[in-house]
Amino acid sequence: MNSPDRNAKMERRRLFHGLCPRCGIPWNGPTRECTTCLRKRSEVARQRVDKRLAAGLCRDCGQRPLMRGYQRCKACNDQSNKRLAAYARRKAETPGKR
Ligand SMILES: [Zn+2]
Ligand SMILES: [Zn+2]
């Protein structure tokens with residue numbers, strides 16, 4: 001049995017005891033998971049992206065073929081442009097605090 005509910009419960013218990021929710025080692029850093037888990041996670045993400053790109057698939061969804069000269073499909077590229085535009089707008093509206 002490996003229900004997500006049980007995992008969530010275990011994660012909460014680990015967090016409560018000051019442990020990394022993923023691997024369970026004592027962890028008290030500024031991030032939720034320990035540095036080992038964070039590194040492993042980004043490593044896995046990078047490998048997935050590499051595999052997708054090598055197969056000529058969009059790095060975001062891994063479903064649709066790449067647009068020529070891009071690392072994403074048309075839909076994901078539009079999405080990402082929209083996100084960037086929204087982010088730039090938000091940044092322009094908020095006066096920078098120093
Ligand atoms: Zn960990
Ligand atoms: Zn895509």
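**Figure 1. Helix H1 in the predicted model.** The expected span of a helix is 1.5 Å times one less than its number of residues. H1 has 13 residues, so at 1.5 Å a residue a span of 18 Å is expected. The end C-alpha atoms of H1 are 18 Å apart, which agrees. The view comes from a predicted model. H1 covers residues 4–16 and has the lowest mean pLDDT among the elements of the protein chain, at 90. H1 is hardly covered: its count of buried residues is 0. Just after H1 comes Gly18, which takes a positive phi of about 70°.

**Figure 2. The protein chain as a whole.** The protein chain holds 3 helices and 0 strands. From the N terminus on, its elements run α-α-α. The radius of gyration is 19 Å, whereas the globule rule gives 13 Å for 98 residues. The protein chain is therefore more spread out than a compact globule. Along the principal axes, the C-alpha trace spans about 50 × 45 × 25 Å. Buried residues make up 7% of the 98 residues. Among contacts with a separation of 6 or more, residues 24 or more positions apart account for 0%. Mean pLDDT for the protein chain is 92. A pLDDT of 70 or more is reached by 94% of its residues. Where pLDDT is low, the predicted coordinates should not be read in detail.

**Figure 3. Helix H2 from end to end.** H2 spans residues 35–54. Its mean pLDDT of 97 is the highest among the elements of the protein chain. With 20 residues at 1.5 Å each, H2 should span 28 Å. The end C-alpha atoms of H2 are 28 Å apart, in agreement with that value. H2 is hardly covered, with 0 buried residues among its 20. Gly56 lies just after H2 and takes a positive phi of about 75°.

**Figure 4. Val49 within H2.** Val49 sits in helix H2. Val49 has 16 other C-beta atoms within 10 Å. A residue is buried at 20 or more such atoms and exposed at 12 or fewer, so Val49 is partly exposed. Val49 and Trp27 are 22 residues apart in sequence. In space, the C-alpha atoms of Val49 and Trp27 are 29 Å apart.

**Figure 5. Arg59 in the loop between H2 and H3.** Arg59 belongs to the loop between H2 and helix H3. Arg59 is partly exposed, with 18 other C-beta atoms within 10 Å. Beyond its neighbours within four places in sequence, Arg59 is in contact with Val49, Arg52 and Leu53, as well as Gln71 and Arg72. Val49, one of these partners, lies in H2. Arg59 and Cys73 are 14 residues apart in sequence. Their C-alpha atoms are 8.0 Å apart in space.

**Figure 6. Leu57 and its contacts.** Leu57 also lies in the loop between H2 and H3. Leu57 has 19 C-beta neighbours inside 10 Å, so it counts as partly exposed. Leaving out residues up to four places away in sequence, Leu57 touches Arg52, Gly62, Gln63, Arg64, Pro65 and Leu66. Arg52 is also in contact with Arg59. Leu57 and Arg72 are 15 residues apart in sequence and 7.4 Å apart in space, C-alpha to C-alpha.

**Figure 7. Helix H3 from end to end.** H3 runs over residues 74–93. For its 20 residues at 1.5 Å each, a span of 28 Å is expected. The end C-alpha atoms of H3 are 28 Å apart, which agrees. H3 is hardly covered: 1 of its 20 residues is buried.

Notes
Residues numbered from 1 in each chain as written. Chains lettered and ligands numbered in written order. Predicted model: local features only at pLDDT ≥ 70, side-chain atom pairs only at ≥ 80, totals over all residues. Helix = DSSP H or I, 4+ residues; strand = E, 2+ residues; numbered from the N terminus. pLDDT = per-residue confidence, 0-100. Rg over C-alpha atoms; globule rule 2.2 N^0.38 Å. Contact = placed C-beta atoms within 7 Å.
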